[in-house]
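Thanks for coming. Please have the sequence and the structure open while I talk, and stop me if you lose your place.

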Amino acid sequence: MCANTIITLLGLIAAANSAGAGGTPQCNKLPNQCSPVKTQRGDEAASGVTTGSLLLAARNKTAPPSAGGNLSEIDEFLINSVRHKLGIEFPAETNQRTAEDELEISPEEAEFVSKLSETYFSHHPPFNPAYSKQVSAECAQAAKAYLSSLRSMKMSALRMYDAGGKFTSGILNGNINQYGDYDQCLNIRGRYCLAGIQPTVRSSGMPFLRHLYDLVQSHGILTSELGDPGHRVPRFSTINWALCVPAACTPRDIQHSLGEFLRDTADGTGVQLDVSVESELCEVRNFVWDRYYTPAAAKVWIGFAVYLTVVLLSTLYEYKSGNKNKWLSAFSLIQNTRTIFCVKDDPNDVASVHGIRFLNAILLVVAHKSMALFFNPYANRTDMSETLGQPWTVVGRAASLFTDPFIMFSGFLTTYSMIGRLMRNQRIKLYQDYIGRLLRIIPPLGALILFCTFVLPFLGSGPQWNLVVTNHGDICKKYWWRNLLFIHNYFGFKNMCLTHTHHIGIDTELFFVSPLFIWLIWKWPRRGGMALIVLALVSTIHRFYITYKLRLSNYVYFGTSVQQLFDTADNMYILPYYRLTVYLMGVMLGYACRVYKSISLTPNQLRLGWYASSFLLVLAFFGPAPMGSIRYVYDPLHAANYAAFSPIAWCLFFAWAVFTSHLGYRNKLIDVFSWRGFRVTTKISYAIYLTQFPIFFYNVGRVRTALHYHFLTSVLLDFKEFIAIFVASFLLTVLFETPFSNIKRLLFNSGVKRSKRAPEVMCDNNENSNNNDDRKTIVYPATNQTKNLRD
């Protein structure tokens with residue numbers, strides 16, 4: 001135990017110093033662009049010693065020698081780093097795989113083994129990696145050795161054959177994706193490839209074949225092509241089939257051989273099978289470590305360690321000194337945890353907003369999770385599609401709808417704060433608002449980008465790990481700066497670092513231009529209000545037009561194509577101009593809550609407002625339900641109506657709820673929305689948005705075998721994943737968001753005398769407040785009275 005600990009520590013130091021320079025070359029390119037490392041085994045293979053040594057030599061051309069058969073990838077990586085750095089050798093463990101290959105078939109069992117081999121392989125022939133004549137000489141030699149060893153029943157060859165995908169039961173129920181045995185393939189130093197196969201029925205006049213195809217493809221709930229990007233939205237129509245081959249065979253070799261084999265096999269069947277073997281999905285043992293571990297990764301790890309040390313020192317300072325210096329305790333876990341869980345009455349609050357945010361956040365998590373689950377290989381995938389082809393599944397299809405209230409409340413809170421200061425004749429310091437916002441949102445975003453790029457890729461593995469985890473890291477290494485400048489939403493989904501952060505770009509861009517909207521409605525209430533309405537109307541009409549013309553769809557209808565989803569995002573959904581309508585609704589709501597806070601509504605007016613807004617809510621939510629039917633045929637008019645008017649109808653209900661609760665009118669729904677506990681979820685809502693997709697993709701990437709789908713257990717009752725999201729969100733908030741909110745408050749409030757400031761809630765740093773003097777009239781649902789505070 002002690003020796004392993006010492007080796008690990010030495011390995012981290014050695015790896016950080018030697019990664020990418022000197023010694024064994026570090027490969028930061030595609031596998032087929034790396035120079036192979038020549039080894040003694042490779043030379044022996046070239047001289048043709050034995051078929052067994054040929055097979056072992058093939059894998060050693062791309063994988064370093066192992067210190068033992070039972071080591072994990074990180075252990076092996078660290079030990080090899082120590083070996084190289086210190087020039088020493090550690091005693092190798094007994095290799096169980098080598099011992100197995102030394103087993104001899106006794107004369108008594110030779111006949112039985114021969115008959116078993118002949119019978120089994122005649123029914124289940126192995127895949128020949130050198131089926132095509134276009135493969136490299138190294139691959140052809142290794143494939144010959146593999147097949148020879150397989151005929152001789154060598155255990156290493158049998159394990160390689162066993163680790164590949166096989167046909168199983170349930171094909172007509174969608175159990176077509178076969179992941180084989182990922183770990184066994186890598187443990188024997190083979191190359192594990194998850195090949196993509198795209199089946200197509202060649203003629204439309206083949207109803208029986210089309211029905212079979214429809215069942216195998218699970219009715220095409222989400223259609224895709226081989227060339228579609230697969231890191232953000234799953235290529236649902238593509239069959240994922242695992243192959244375990246000798247490591248000397250490159251992805252290009254496998255594509256040639258598998259493509260020709262399937263063409264010959266499918267000839268005359270009426271079915272065309274196209275093949276794609278991506279280098280990222282074709283890996284050997286230590287692939288992630290050899291490719292991704294660089295000096296930059298080591299520096300990021302050290303940076304996180306230093307930052308956590310600062311947090312711990314700040315916590316220790318507050319614990320020992322009692323928080324005498326607020327600057328030194330700004331990063332304290334004690335203070336920041338208390339801030340997050342503080343639910344005391346805050347005069348800056350609009351109480352009902354917290355519950356509305358929580359509702360939409362939960363709906364958004366469910367919708368995003370529903371899409372992420374399409375990556376998984378379900379044994380009952382056809383049943384899953386038939387279940388999701390029901391009208392009630394609208395909750396998993398309308399993710400875009402659930403983001404609109406967040407955009408509306410962003411405009412509302414900004415306007416409410418700024419109008420309040422204007423009513424008090426306070427000077428508006430825009431630079432403070434801009435800097436304060438950047439101090440709050442950049443640290444968590446930057447930390448997440450660094451974590452997903454340089455830490456998360458090393459925390460797991462699996463058949464799709466490189467597709468949904470390391471692929472995002474590759475993109476972020478190139479384009480992280482777009483995210484931190486908040487312009488990443490202008491460059492499309494395909495090459496966007498952490499695609500789910502597009503909403504942050506939209507919201508920040510609208511925030512920076514919001515003073516213009518607020519100034520218009522403040523300076524000229526009537527004409528400015530009309531100007532905002534006209535601008536919102538133009539945005540709505542244009543949103544309808546672009547959706548109809550380009551045949552886009554904000555709603556994930558049954559049969560949506562991956563390309564259509566990307567086109568929708570690139571041409572409309574992630575651009576702030578097309579999301580402007582609901583933001584301007586928030587601006588006008590903030591102005592109304594400030595200026596018309598003393599008006600009274602008659603019972604009939606209240607009743608009419610609730611009936612109308614409730615009808616619009618139901619219409620927005622259930623109106624597109626027929627588009628989720630398994631028999632639905634896309635109509636651009638349906639999609640255009642949904643894109644243009646559903647966000648308005650959805651947000652009007654929540655705007656009415658906030659406005660009436662602000663006037664002091666209460667009902668049971670307002671009481672629920674205003675529950676104090678929702679203030680905690682509001683404080684971590686930004687982090688919830690940031691962390692959900694990395695956690696979804698982490699779990700997807702680690703899936704190694706077919707699962708069973710059930711909506712309740714797979715989506716709604718997956719408490720482990722929901723708990724992981726909330727824990728990760730809390731950690732991201734307490735470590736990176738709240739500390740810099742403390743610094744923002746210390747920077748901008750240090751020059752204001754306490755006597756001139758209204759009382760503030762000490763344990764609560766409300767991120768929605770831009771100034772501590774910003775007070776309003778607010779109804780607290782715990783009592784029937786209205787607390788009149790200084791405005």
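Is Phe-127 buried or exposed? The model is a predicted one, which holds for everything I say today. Phe-127 has a relative accessible area of 16%, and the cut-off for buried is under 20%, so Phe-127 counts as buried.

Phe-127 has a ring partner, so let me turn to aromatic pairs, of which the whole structure has 48. In one of them, the ring centres of Phe-127 and Phe-261 are 6.2 Å apart and the planes stand at 75°, so this pair is edge-to-face. To count as edge-to-face, the planes have to be over 60 degrees apart. Look at where the two residues sit. Phe-127 is in the loop between helix H6 (107–123) and H7, while Phe-261 is in helix H11, so the pair ties together parts of the chain that are 134 residues apart in sequence. Phe-261 is partly exposed, with a relative accessibility of 32%.

Another pair is Trp-392 with Phe-711. Their ring centres are 4.9 Å apart and their planes are at 80°, so this one is edge-to-face as well. Trp-392 lies in the loop between helix H16 (381–388) and helix H17 (399–423), and Phe-711 lies in helix H29, so the parts tied together here are 319 residues apart in sequence. Trp-392 is partly exposed at 43% relative accessible area. Phe-711 is buried at 12%.

Aromatic rings can also be linked into a group. Ring pairs join Phe-402, Trp-610, Phe-621, Phe-622, Trp-650, Phe-653, Phe-654 and Trp-656 into a cluster. You can pick those out on your screens.

Next, the cysteines. For those new to this, a disulfide is a covalent bond between the sulfur atoms of two cysteines. How many disulfides are there? The count comes to four. I will go through three pairs.

Start with Cys-139 and Cys-249, whose sulfur atoms are 2.1 Å apart. The torsion about their S-S bond is about 90°, so the disulfide is right-handed. Cys-139 is in helix H7 (residues 137–151), and Cys-249 is in the loop between strand E3 (239–246) and helix H11 (251–266), so the bond ties together parts 110 residues apart in sequence. Cys-139 is buried, with a relative accessible area of 0%. Cys-249 is also buried, at 0%. Helix H11 has come up before in this talk: Phe-261 is in it.

Then there is Cys-193 with Cys-282, where the S to S distance is 1.7 Å. Here the torsion is about 50°, so this disulfide is right-handed too. The pair links distant parts of the chain, with Cys-193 in strand E1 (residues 190–201) and Cys-282 in strand E5 (residues 282–283), 89 residues apart. Cys-193 has a relative accessible area of 0% and is buried. Cys-282 is buried at 0%.

The last pair I will describe is Cys-476 and Cys-497, with 2.0 Å from S to S. The torsion about the bond is about 90°, so we have a right-handed disulfide once again. Cys-476 is in helix H19 and Cys-497 is in the loop between H19 and H20, so the parts tied together are 21 residues apart in sequence. Cys-476 is buried at 1% relative accessibility. Cys-497 is buried at 1%.

Stay in that part of the chain for a moment. Lys-494 is in the loop between helix H19 (465–484) and helix H20 (502–523). Which residues does Lys-494 contact, leaving aside its neighbours within four places in sequence? They are Pro-229, His-231, Ile-475 and Phe-566. For Pro-229, the separation from Lys-494 is 265 residues in sequence but 6.7 Å in space, C-alpha to C-alpha.

Finally, the surface. Leu-712, Leu-716, Leu-717, Phe-719, Ile-723, Val-727 and Leu-731 form a nonpolar patch there, with about 630 Å² of accessible area together. Helix H29 (711–716) and helix H30 (719–749) each supply at least two of the patch residues. H30 gives the most, with four. One patch residue to look at is Val-727, which sits in helix H30. Val-727 has a relative accessible area of 43%, so Val-727 is partly exposed. Helix H29 is also where we met Phe-711, the ring partner of Trp-392.

That is my part. Questions, please.

Technical notes
Residues numbered from 1 in each chain as written. Predicted model: local features only at pLDDT ≥ 70, side-chain atom pairs only at ≥ 80, totals over all residues. Heavy atoms only, no water. Patch = residues over 30% accessible without salt bridge, like charges linked within 9 Å, V, L, I, M, F, W, Y side chains within 5 Å. Areas by Shrake-Rupley, 256 points an atom, 1.4 Å probe, with all protein chains shown as cover. Salt bridge = Lys/Arg side-chain N within 4 Å of Asp/Glu carboxyl O. Buried < 20%, exposed > 50% of the residue type's maximum accessible area, 1.4 Å probe, protein only. Contact = heavy atoms within 4.5 Å. Disulfide = S-S within 2.5 Å. Phe/Tyr/Trp six-rings, centres within 6.5 Å; stacked < 30°, edge-to-face > 60°.
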